[in-house]
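Here are my comments on the model you passed along, set out point by point so that each can be checked against the coordinates.

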Amino acid sequence: MRLDSNNNNGIIFRIARSNLAGKRLYTFFSLLTITLSLTFIMTIVLFLQETRTAEQRMLGQMQHVMYMNMPEQKMEQAARDERVELLLPYKGDTGEFEHNGVKYCFTYQKCQAERIRTFVLAEGKAPERYHEIVVDRAFMEQIGRPCAIGEKLTLAAGDTQEEFVICGYTDGGQAQSVYPVYVSREYADFGMPMKDTGYTALVRIAGASDMESSAFETVVYQIAADYGVKRSDVNINGRFQESLQEENPVFQAMLLISLLILAAGGIVIYTIFYLSVTARTRQIGQLQTIGMTGKQIRKMVRREGFWLCTVSVPAALVLGGILAYFLEPEGWSFVNYILTAAVTGAFGFLMVQISAGRPAALAAKVSPVEASGMTEESGPEPKKKAGGFTPLRHRELTPFVMAQIGQGRNRKKRRLMTISIAFGGILFMIAASYLYSWDEQAYSRTGDFADAEYRVSYLYNPHMPLPYGPTGMQLTGHLGEDLKEQLLLIPHVRSVETKHGTYGTVEYQGASWTQGFYRLTENEEDHFRIEAEGRRDYEYLCETDGIFITNSEFLSQINGVSFQVGDQMTLHWFDGEEHETTLEIAAVAPGMVPSDRGYNIAMTDQTMEKLWGDMNTAVDFCISVEDYDRYGEQTEADIRALTELYPDLSVETLREQMLDDSSSIRKLKMQIYGISAFVILFSVLNLVNLMIGNVAARKKEFAVLEAIGMEARQIRSMLFWESLLFVLPAVLITLVIGGGAGYGVVAALKRIAGYMEYRFPAAAGLMFAAGMILVPVLISYVGLKGIDRSQYHQG
Amino acid sequence: MDILQTNNLTKYYGTEPFMVKAIDGITLAIEQGSFTAIVGTSGSGKSTLLHMLGGLDTPTGGTVTVDGQELSEMERNELTIFRRRKIGFVFQNYNLIPNLTVYDNIVLPVELDGRRADSQYLQEIVKALGLENKLDRKPGKLSGGQQQRTAIARALITKPAIILADEPTGNLDSRTSREVIGLLQATGKKFHQTIVMITHNDEIAQVADRAIRIEDGRIVESR
């Protein structure tokens, strides 16, 4: 046999296994750490995929586009078009009504669960006859009526009351601000509130999921043109279209987060293995002494890693799958699970092999002689003072001082431990910053409720546009000074702000559509700050009666035009008489101005006055109240009592908006809380593991200390200070870097989500710090039990 | 005057019929200021006996009295403090604290007691053990003999009632062993210490004033 060859894989396996069996506590905590790290990775990565899958599934049950005001005959033809996968007729937005203070609206659509999910019956059947309806159980509970098939219900329908028979129930499981009342086709065609409203076609485009965004858009508008649907009546599902884009920012964010999670888990696994191997340098030296080659040592350590993985990897894959399922059950996919498990498992094995191999290689390079004299805790020699060392120099060897001295031992190990703890802390602080910075009320206030809690407006359906929009309603003058004064007299109402807008029909480049105009005053800031082509200063716009177009790409898309600065646009408007004029396009901006409430075309107040004269151009009363939390409910009741007299006015409230937003907010928060809890658990268990491992590796040292007279409380105190001295930097890093990272994330999100307002998560940070400090206290009590002071001779 | 006494000391492990009698009824007395060697082969029970003399292990039966204090009456913490003040240990593996300098290792038991070492006494010990130039070094940078001398200094610093040495030359070569034994003997005389040393080496045991042989947990010879 050659001296350089070995045939001893079997013995290496057995040595590795017995090493693990011999140090049970250490093995247990190594297993625990690897399992936790991989579970963390598996859970988060799978959760991110589930989020995407849930979105895709949701989009898979939605229409791709809505074609409004499509005649029935055209719908039948379009349904047979090979470009159309599915077409469902729909009628809604026919007005809101109230019963016992609960809002509802009549809606017609076929009961369908697949491809385009409309509504799902929990009980009964879909409406067929004229007076048959399906309602939600929550609606019946709110109006105080029993949920029974055959229950008769009298509801306001337009100007009359009609009696309906409930033939079925849905069970949405949550309260809504406006409940749909599903009616039969017959009622949709002939019922008073619905007969004058056109049908909308809900359409899924064949093969859309495999199209690029631009190709999809082209097909959509081609179909619209083929079946006589105006571009302004085409409503594309924006989320679906975004999912077709190649550079999906959501996907990129998911990829980045996955990489961060992998890095966090990798660092933790590396740390635990590094500690494990460097604590056995002496043992490894002894093995070399009796003839184990460096190659065999590396193999032995890798085999230990392999054995650990055979237990921890399957456990982590199962646990991770279970946790991810509970975080987002609607996105669960067995295929995704298998793929993620394969990647995570492979990563786990690879990471452990790397983590074990590197320190093992370093240890194997140490000669047996060096290893026999070495402990991993030697630390650097103190520097000699000039003039020689004074033998009687004294320092008090309190537990704190001994802990400080202990910091000199194996700095790399301590740095790794600190980084490992801090990484989890930083992730926790980012999640906490996100949660703390999210104001639910602010979320619901984006848009219509930015400055007010109630909005009284004309009951105008923009999906069924009239040539001059709500001008006819404006001419009634219901949103006038009389009503305004009455509203101001309501107790605790702070202000009633009138929002103005005018409407007309515009013609441009062969297209024609109903358009609203935003009233631009001199002291507006947003319009004059946005980047735009052309001249948009107030004086110029007044002089030339020019218009300023914002969100131009969107307007261009829905109307099939391309706005050019300097072009003339024809406007037809009505103030009791019909008028026509041309308006210069003075400026065009691709960006949006959120404060213009979706008008997208602005004209100055002077121009508006010139054209509409002294006509009442009010479209909204925005009402704000003092102390909304305290007086909001009563104020709402008072407003509704006043507006009841005007059937053409509707009241929308912040309360209803928050109700509509509540379920999505709740779900997202639960997910973030779940992930945060897991991150904290991960950090705490990681710390426990590191500390227990640290104690377990020093049993002999503690036995010796007790043998020479160190009391248990002194050893505990020393351990506590040692832990604190490496936990405190980790906590500091967590609060500073984690806080900074949290600020960065919130600042980045604020660009797209204005309701985010950064607040430092002080309570969460303190809780984390307290946990990180308490754990060493507990471990220093528990970990010392079982120290046998007579075992000082154990190596 | 006897500084250490045991009375029918026993230590049994397990239950019948598999009971192991590590110590099976040992009664002895150690005179103050003497140097006693406890000799026995591997497995004779000498280390177990030493553990019980030092309060590191609890006997199954019998008593151990050190400087008039019966160890069985003390709780663990009391024993630790007692050990710190009254008993000095010298281990086979030296068992110095690796991160502390030689100086810190020597004064550690006194510091644990919240006191400061007597500087004159400390200087005497350091000089007697030839450690003057080693005080700023860490144990990892010392030879075996130097480490053992440090351990002896640590055992002496609290002026204990008794020093227990568990195979103090077990890890040393013969020349260094003789040197260490000589130092143990010399410092014991100089500082009026009582020394009890465990060894399996008859030759080393001969330097002691008295040798007690143990076999199968019992004293078989005492000269």
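The points below concern a predicted model, and they take up one helix and then a sheet of chain B.

1. In helix H4 of chain B, which spans residues 119-128, the buried residues are B:Tyr121, B:Leu122, B:Ile125 and B:Val126. They lie on the same side of H4(B), because the arc they cover around the axis is only 135°.

2. The face of H4(B) turned away from that buried side carries B:Gln120 and B:Lys127, which are exposed, while the cover over the buried residues of H4(B) includes helix H3 (102-112) and helix H5 (144-156) of chain B.

3. As for the ends of this helix, a side-chain oxygen of B:Asp118 comes to within 3.1 Å of the backbone nitrogen of B:Gln120 at the start of H4(B), and B:Gly130, just after H4(B), adopts a positive phi of about 65°.

4. The sheet of chain B is open and mixed in its pairing, with six strands in the order S6-S7-S8-S3-S9-S10; strand S6 (87-90) and strand S10 (218-222) of chain B are its edge strands, each pairing on one side only. On average, and with direction ignored, neighbouring strands of this sheet are turned by 20° against each other.

5. Within the sheet, strands S3 (residues 35-39) and S9 (residues 210-215) of chain B run parallel and are joined by four bridges, and B:Ile38 has B:Ile212 in S9(B) as its bridge partner.

6. Two helices deserve a check against this sheet. H5(B) packs on the sheet, where it touches S6 and strand S7 (162-166) of chain B, and its direction makes about 175° with that of S6(B). Helix H6 (residues 174-190) of chain B lies across S3, S7 and strand S8 (195-199) of chain B, and runs at about 165° to S8(B).

Conventions:
Residues are numbered from 1 along each chain as its sequence is written. Chains are lettered from A and ligands numbered from 1 in the order in which they are written. This is a predicted model: local features need pLDDT of at least 70, side-chain atom pairs count only at pLDDT 80 or more; totals for chains, interfaces and linings use all residues. Side-chain values use heavy atoms; hydrogens and water are left out. Buried means under 20% relative accessible area, exposed over 50%, partly exposed in between (1.4 Å probe, protein chains only). The arc is that of the directions from the helix axis to the C-beta atoms. Contact means heavy atoms within 4.5 Å. A polar contact is a pair of N or O atoms within 3.5 Å; within protein, one must be able to donate a hydrogen and the other to accept it, and residues adjacent in sequence count only if both atoms are side-chain atoms. Two strands pair if DSSP finds at least two bridges between them. Axes are lines fitted to C-alpha atoms, for helices over the stretch in contact, and angles run from 0 to 180 degrees between N-to-C directions.
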